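Open the model in your viewer and set side chains to sticks. This tour goes from ring to ring.

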Protein chains: 2
Amino acid sequence: MVTGKKQAKKGGAARKGKKARRKRELRPLDVLEDEGDEDGGCASESTESSAGGGGGGGGGERQREHPFVVTEPGEVARAKKNGLDYLFHLYEQCRVFLLQVQSIAKLGGHKAPTKVTNQVFRYAKKCGASYINKPKMRHYVHCYALHCLDEEASNALRRAYKARGENVGAWRQACYAPLVEIAARHGFDVDAVFAAHPRLAIWYVPTRLRQLCHQARGCGSHAAALPPPPMF
Amino acid sequence: MVTGKKQAKKGGAARKGKKARRKRELRPLDVLEDEGDEDGGCASESTESSAGGGGGGGGGERQREHPFVVTEPGEVARAKKNGLDYLFHLYEQCRVFLLQVQSIAKLGGHKAPTKVTNQVFRYAKKCGASYINKPKMRHYVHCYALHCLDEEASNALRRAYKARGENVGAWRQACYAPLVEIAARHGFDVDAVFAAHPRLAIWYVPTRLRQLCHQARGCGSHAAALPPPPMF
DNA sequence: AGAAGGACCAGTGGTCCGTA
DNA sequence: AGAAGGACCAGTGGTCCGTA
């Protein structure tokens with residue numbers, strides 16, 4: 001409480017042109033630089049140069065990850081695209097990174113995170129997993145949640161959206177409804193649903209999903225077959 | 001990471017004369033002012049004017065709480081002092097405040113804290129419990145932990161330290177050793193010990209206690225009858 | 001247009017140290 | 001001296017929005 005008195009409160013507007021968002025110019029191999037930092041460098045440097053990464057053989061310009069496309073289970077995405085199996089694989093990698101951070105913390109007598117925190121993302125970067133970042137992982141958590149909680153339903157949804165030629169954004173939106181239904185069967189307690197699943201418990205419940213469960217609860221006791229909400 | 005590059009790292013030195021620690025001049029009844037703030041004012045204004053509070057009948061100057069003295073279980077502290085039953089009572093109050101914050105959050109579809117967080121302390125203040133504050137509660141958590149985990153041992157320690165005429169600081173220090181022993185019986189996993197006790201699970205494990213457990217584990221498998229560590 | 005992610009900001013955990 | 005607690009700060013959770 002130093003700044004003011006109340007201000008725009010969380011998810012509101014009031015962000016506009018503050019502080020001139022200077023972007024530091026991209027330098028190749030940035031990740032490898034702040035070594036010798038304590039806090040533990042990666043335990044194995046498992047660069048995991050596998051799957052859909054960007055970057056290609058050539059030059060200096062750091063490449064973004066290829067965008068995701070809706071793929072069926074088992075299907076490999078074509079050129080310049082990443083599939084959804086790859087997306088879910090990233091969540092599994094984060095889990096492994098978390099486990100490593102926990103082990104290291106316990107060895108040193110430090111407090112260990114129980115969730116995938118900033119510390120874990122930082123650690124992942126140090127291990128060379130530059131393709132993992134917080135905004136991306138948070139963006140798709142609920143998609144991963146559906147995959148964990150009802151793989152059948154998740155697979156069906158992927159096939160349907162692929163067949164319809166929908167883009168990733170549409171598929172992502174569509175993942176909410178089945179989750180709300182699952183939550184409904186547990187008294188609309190999404191937190192409990194996440195907590196009960198070992199691979200999901202390490203992820204924060206996304207705000208949007210929590211909101212949808214809350215508002216679905218408000219609408220009486222019909223266990224909601226909500227058509228995918230039009231726009232949010 | 002905006003400031004610099006590494007700096008003094010957590011509990012180190014490097015705090016000295018920064019930013020001229022301006023103290024805002026005390027105003028009486030400060031707490032009652034920032035009402036109408038959303039985020040939920042207190043649900044009951046349970047001012048709890050009970051126990052050892054300071055302040056006295058008279059004038060404007062906001063009073064500090066009376067300092068604690070080592071008292072036996074059931075003993076009421078004499079003039080201008082607060083006893084240890086009162087101290088432990090504060091922890092129970094915080095728990096109730098947490099439960100209220102959780103209820104309110106769930107009603108509103110917001111995420112609910114699982115621990116006594118800043119939010120809970122803020123809420124307690126709004127409810128008129130101005131005698132509750134974070135530094136104090138954090139300072140004595142491990143004393144409360146011993147009270148929860150082994151009331152017999154806790155009571156014995158209180159009697160012993162009272163008999164010896166020790167001050168609160170000495171008693172507080174002495175609370176560490178029995179806790180380390182308890183942790184030792186659980187593989188030195190203090191986090192697990194705290195997590196397993198419902199009234200304790202809502203408190204963060206104090207750094208110092210974690211350190212002591214860690215270093216006790218390092219010293220072989222003797223389940224540590226550690227004499228109270230001389231100074232830290 | 002649709003999407004990936006650097007960078008920002010309000011509010012957190014942790015505790016020092018000026019105060020009484 | 002011993003102790004209570006205001007206030008600070010590094011690093012967090014959350015996500016916007018300039019970028020490609």
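What follows is a set of selections, each with a note on what is there.

This is a predicted model: local features need pLDDT of at least 70, side-chain atom pairs count only at pLDDT 80 or more, and totals for chains, interfaces and linings use all residues. Residues are numbered from 1 along each chain as its sequence is written, chains are lettered from A and ligands numbered from 1 in the order in which they are written, and side-chain values use heavy atoms, with hydrogens and water left out.

Start with the rings. Over all chains, the structure holds 14 aromatic pairs (Phe, Tyr and Trp rings, the last by its six-membered ring, with centres within 6.5 Å; planes under 30 degrees apart are stacked, over 60 edge-to-face, the rest tilted).

Select Phe68(A) and Tyr140(A). Their pair is edge-to-face, with 5.5 Å between centres and 80° between planes. Phe68(A) and Tyr140(A) are both buried (under 20% relative accessible area, 1.4 Å probe, protein chains only).

Next, select Phe88(A) and Tyr144(A). This pair is tilted, at 6.1 Å centre to centre and 45° between the planes. It links distant parts of the chain: Phe88(A) is in helix α1 of chain A and Tyr144(A) in helix α4, 56 residues apart (helices are DSSP runs of H or I, at least four residues, numbered from the N terminus). Phe88(A) and Tyr144(A) are buried too.

Now widen the selection. Ring pairs join Phe88(A) and Tyr144(A) with Tyr91(A), Trp171(A) and Trp203(A) in a cluster.

Finish with charges over rings (NZ of Lys or CZ of Arg within 6 Å of the ring centre and within 35 degrees of the ring normal). Arg164(A) has its charged end over the ring of Tyr161(A), 4.4 Å from the centre. In chain B, Arg164(B) lies over the face of Tyr161(B), 4.5 Å from the ring centre.

Note on methods: Buried means under 20% relative accessible area, exposed over 50%, partly exposed in between (1.4 Å probe, protein chains only). Helices (H or I, at least four residues) and strands (E, at least two) are DSSP runs, numbered from the N terminus.
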